[in-house]
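Open your viewer, switch to a cartoon view and get ready to click along. We will hop from stop to stop, selecting a few things at a time.

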Amino acid sequence: MGIFDFLFSSPHKKAEFIAAYEAGFGQKIPASRGLSFLPFVVLDTETTGLEPKTDYILSFGAVKLRGFQINMQESLEWYLRTPARSREAIEVHEILQPGELIDLQAFGEQFLTYIGNSILVGHHVGFDLEMLTKALKPFGFRKFLNPVLDTHSLAVRLEKGPHYDSSMGKPGEYSLDSLCERYQITLDDRHTAAGDAYLTAQLLMKLLKLAEKKGIRSYGELIR
């Protein structure tokens, strides 16, 4: 430990499953690895609201994608035991009577084992990762070490170029709904964690194929 590390270290003791997760990043993905050989975990959270400081995760859904194929056998959806549930969030997500609730520690252990060192993908994924970081913080978790890919940013890059400012475009042009419609993906099971993760995975598959047509064929070219 460095001389100033104690000033910035987490006040929470690091759990064994957090240490095991961090130990899985001994080797980086080679920049030359082809897109079809990359492991992706596409995830989504449904929450009590949009403020990470005060809101909580209601449910988490994810699917795995590799070789341009979605592995539905490894898809999952968990409902978390949260300190608060809001009527407004329940009306949006229709989570009235969820299945068995999972406590945060069990969720953290299974979630980090599930994602391993895969590339994490989501639509506006920064929000999901911020909420997940908050959920894992009591166990000594500090930050995700996985590479991250946002389907919103990737779609803008592929359609408009890497320097396009999406804030100058039409409102909602790169929402998940708009992109699904544009890429002929049937909207189904929207606003559930598992449903949105599956829609985003289908979108990722279309975007990866478009990326290949545009000359983006390796991990190093995809993740910049």
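Where is glutamine 184 found? Select glutamine 184 and you will see that it sits in the loop between α7 and α8. Keep in mind as you look that this is a predicted model. Glutamine 184 has a phi near 55°, a positive value in a residue other than glycine. Is glutamine 184 buried or exposed? Its relative accessible area is 71%, so glutamine 184 counts as exposed.

**Stop 1: the whole chain**

Now zoom out and colour by secondary structure. The chain holds 9 helices and 6 strands. It has 224 residues, and 46% of them count as buried. Contacts also reach across the sequence: among those with a separation of 6 or more, 70% are between residues 24 or more positions apart.

**Stop 2: the sheet**

Select the strands. The 6 strands make an open sheet, and walking across it you meet them in the order β4-β3-β2-β1-β5-β6, with mixed pairing. At the edges are β4 (101-102) and β6 (148-150), each of which pairs on one side only.

Next, pick out β2 (57-66) together with β3 (residues 69-80). β2 and β3 are antiparallel partners, joined over 7 bridges. Two pairs are handy for following them: leucine 65 has isoleucine 70 of β3 as its bridge partner, while glycine 61 is matched with glutamate 77 of β3.

Carry on from β3 to β4. These two run parallel and are joined by 2 bridges. Click leucine 80 to find its bridge partner in β4, isoleucine 102.

**Stop 3: the turn between β2 and β3**

Go back to the hairpin of β2 and β3, which has 2 residues between the strands. Glycine 67 takes a positive phi near 65° there. Now click phenylalanine 68, which lies in the loop between β2 and β3. Phenylalanine 68 has a positive phi of about 60° although it is not a glycine. Is phenylalanine 68 buried or exposed? With a relative accessible area of 17%, phenylalanine 68 is buried, because buried means under 20%.

**Stop 4: aspartate 44**

Move to strand β1, where aspartate 44 has its place. Aspartate 44 counts as buried, at 11% relative accessibility. Which residues does aspartate 44 touch, not counting those up to four places away in sequence? Show the side chains of Ser59, Phe60, Gly61, Asp128, Thr192, Ala193, Asp196 and Ala197 to see them. Then try the distance tool on the C-alpha atoms of aspartate 44 and valine 125: they are separated by 7.7 Å, although the two residues are 81 apart along the chain.

**Stop 5: the largest nonpolar core**

Here is a general idea to carry with you: in soluble globular proteins, nonpolar side chains tend to be buried together. In this model the largest nonpolar core has 33 residues. Select Phe40, Leu204 and Leu222, the residues with the most contacts inside this core. Elements that each supply at least two of the core's residues include β1 (40-47), β5 (119-122) and α7 (176-182). The largest share, 8 residues, comes from α8.

Stay with leucine 222 for a moment. Leaving aside neighbours within four places in sequence, leucine 222 is in contact with Leu35, Leu38, Phe40, Leu149, Leu154, Arg157, Leu208 and Ile216. Apart from this core lies another one, of 28 residues, and you can find it by selecting Ile57, Phe107, Phe111 and Leu136, which are among its members.

**Stop 6: helix α6**

Why is α6 described as largely enclosed by the rest of the structure? Because 7 of its 10 residues are buried. Select Thr151, His152, Leu154, Ala155, Val156, Arg157 and Leu158 to see these buried residues. Then turn on the elements that cover them, including β5, β6, α7, α8 and α9.

**Stop 7: a pocket**

Finish with a surface view. The second largest pocket holds about 260 Å³ of space. Its lining is made of Phe25, Gln27, Lys28, Ile29, Pro30, Arg33, Pro39, Asn117, Leu145, Pro147 and Tyr219. Colour these residues by class and you get 7 nonpolar, 2 polar and 2 charged.

Conventions
Residues are numbered from 1 along each chain as its sequence is written. This is a predicted model: local features need pLDDT of at least 70, side-chain atom pairs count only at pLDDT 80 or more; totals for chains, interfaces and linings use all residues. Side-chain values use heavy atoms; hydrogens and water are left out. A nonpolar core is a set of buried Ala, Val, Leu, Ile, Met, Phe, Trp, Tyr and Cys residues joined through side-chain atoms within 4.5 Å. Buried means under 20% relative accessible area, exposed over 50%, partly exposed in between (1.4 Å probe, protein chains only). Helices (H or I, at least four residues) and strands (E, at least two) are DSSP runs, numbered from the N terminus. Contact means heavy atoms within 4.5 Å. On a 1 Å grid over the protein atoms alone, a cavity is a set of points where a 1.4 Å probe fits but cannot get out, and a pocket is an open set with protein on both sides within 12 Å along at least five of seven lines; lining residues have an atom within 4 Å of a point. Grid points are joined across faces, edges and corners, and a volume is the space filled by probe spheres set on the points. Ala, Val, Leu, Ile, Met, Phe, Trp, Tyr, Cys and Pro count as nonpolar, Asp, Glu, Lys and Arg as charged, and the others, Gly among them, as polar. Two strands pair if DSSP finds at least two bridges between them.
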